[in-house]
Amino acid sequence: MSDSGKIIKDLSLLYELSLAVGSSLETQENCESFLKVLMARKNLSAAVVWLKDESGHFMTPFCLPESLNKDIKPGDFAACREKCGDKPFMVFETTDPMAQRYSITGSQGNLAIFPLGDFGCLELLNPKAGGWSIMELNQLINVIKKFAVSMAGCIAHESLLAETQMRIKAQKAERQFLAAMSHEIRNPMHAVIGTIDILKDTPLSEEQTESINSLKYSSDLLLSLLDNVLDLSKIEANELPLIEKDFDLHYLLYSVFINFENRARVKPIKMVYNFSDPPLNYIVGDSTRINQIFMNLLGNAVKFTKEGNISVSAREVEKTAEGALYEFRIKDTGIGIEPEQLDSVFDKFKQAESGIKRSYGGTGLGLAIVKELVKRMDGSIRVESEPGKGSEFILELPLRFSERLIRARLPINDGPNTEESIPKLKILAVEDDPFNRKLLSIIVKKWGSGLTMAENGAIGVQLAEQEEYDLILMDIHMPIMDGFEATTRIRETEKNGMTPIIAMTASALLEEKNRAFDSGMNAYVTKPFSSATLKKEITYVLGI
């Protein structure tokens, strides 16, 4: 062959090898693709890629022919790598890729070793007489360097993929733990809060009323902390969707204000509310999450203010035909925040000073959740503060107008009457917890309705096959048969195939609530719930 023909052949080989390099992000596929081309075009008898693990130890290599895989062990090559050092290649004399490793013979030999950066080596066995020539080895160096870069990319990609999968697995384990924790805490909390509500409706002395109010405050605080932890987990997993519906913005904000005005009466605090020109239309948005934002901001204002003033103001900043940008200011005369702490008040598990946690309590999650919710609503929030004089949180939210006009606004105290009676109903309650069954029986008895109890889903299905009911209350997690399967089977019965079913779940996870609807339930209430909340859902599903 002429020199020009040999050069063209070598260039063709380099081009084909270059195409093979980086053809896949998978380390094994990349190795196999490259080695197959190299062995075929250079008539090699063996090719081995040695890679190191994170600790620097050589792993089981990628070998061609594949029959070598069963013979070569991870530690076989460690000594050879030390001999190679930083040289572009080293040549050895050997008769077999698994034997006589590795006595250096000089510049000629049939076994060539090419270092692959910091993560391994490439070993090529040339069976032809005379072995490798220096020119052949030099021609392979550049493409092998490119192969080394490609392999480094594969390893980095697989490492990132492994880290991502590990992170996803860890997040899933965290959510499962939080879901289990939520369920185990919410069930007994439901019995506690429900019993407190029942006791409040009985004749009490002043001392007893004070004790009941203390129990109510403590249980609500515990539930709030649990909700904050769950909400933060959902936000980090991107599983906290915004559910938009029509609501009266002024009514919502003023309701929160009245709630905290009542709580602040035990302190020498003056509460001031002002909403300049509240919208005449309903607002379209997630009223639950907007309510949560205001509850957190006003809750902090009341908690950190011993005396003085707390003001809540709202105004329209910009307006279009579709909606408006609203500015909300919550200002207090509380303890204030040091300048160097202002940037961290919205961070998770942070409070301005460690002493604040000891004096006022809290987990430091509320403002972190507020910031994330505001961000999801395309809004902004900032804080201005002076130590010893107070703080002001400035919140801006772009909100969309509904087509519905607000005909009239009821005074806050004249809202829906939760004590208004509902028709006498025939109710089936499927609930495994004896305390919750007792609580339900007391609530339903006050309504004047009839109640049949089932301890698990299997018994609930049997009763639904025998009797027709006006309403079914269904727990989710029960022994023998859970609420999902029970609901699916009840939907197949002749007597209760169309009966409204309300889920009673201690889980706050969205996927469980979605699964409740998929199984055939009409609505759900999250434990712990009050009798008023349950009544509201009953009137909704029955259309009364």
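What follows looks at the chain as a whole and then at the surroundings of Asp 432, in a predicted model.

Taken as a whole, the chain folds up into 14 helices and 17 strands. Of its 544 residues, 45% are buried. Contacts that reach far along the sequence carry a good share of the picture: counting contacts with a separation of 6 or more, 65% link residues 24 or more positions apart. The accessible surface of the chain adds up to about 28500 Å², with carbon and sulfur atoms supplying 53% of that area.

On the confidence side, the mean pLDDT comes out at 76, and 72% of the residues get to 70 or more. Two stretches deserve a word of caution. Residues 96-108 have pLDDT below 50, yet in the model this stretch still makes 40 contacts beyond near neighbours in sequence. Residues 357-361 also fall below 50, with ten such contacts in the model. Where pLDDT is low, the predicted coordinates are not something to read in detail.

Now for Asp 432. This residue sits in the loop that runs between β13 (426-430) and α10 (434-447). With a relative accessibility of 30%, Asp 432 lands in the partly exposed class, because that class covers the range between under 20% (buried) and over 50% (exposed). Setting aside neighbours within four places in sequence, the contacts of Asp 432 are Arg 437, Glu 455, Asp 475, His 477, Met 478 and Pro 479. One of these partners, Met 478, lies 46 residues away along the chain, but its C-alpha atom is separated from that of Asp 432 by just 5.9 Å.

Key
Residues numbered from 1 in each chain as written. Predicted model: local features only at pLDDT ≥ 70, side-chain atom pairs only at ≥ 80, totals over all residues. Heavy atoms only, no water. Helix = DSSP H or I, 4+ residues; strand = E, 2+ residues; numbered from the N terminus. Buried < 20%, exposed > 50% of the residue type's maximum accessible area, 1.4 Å probe, protein only. Contact = heavy atoms within 4.5 Å. Areas by Shrake-Rupley, 256 points an atom, 1.4 Å probe, with all protein chains shown as cover. pLDDT = per-residue confidence, 0-100.
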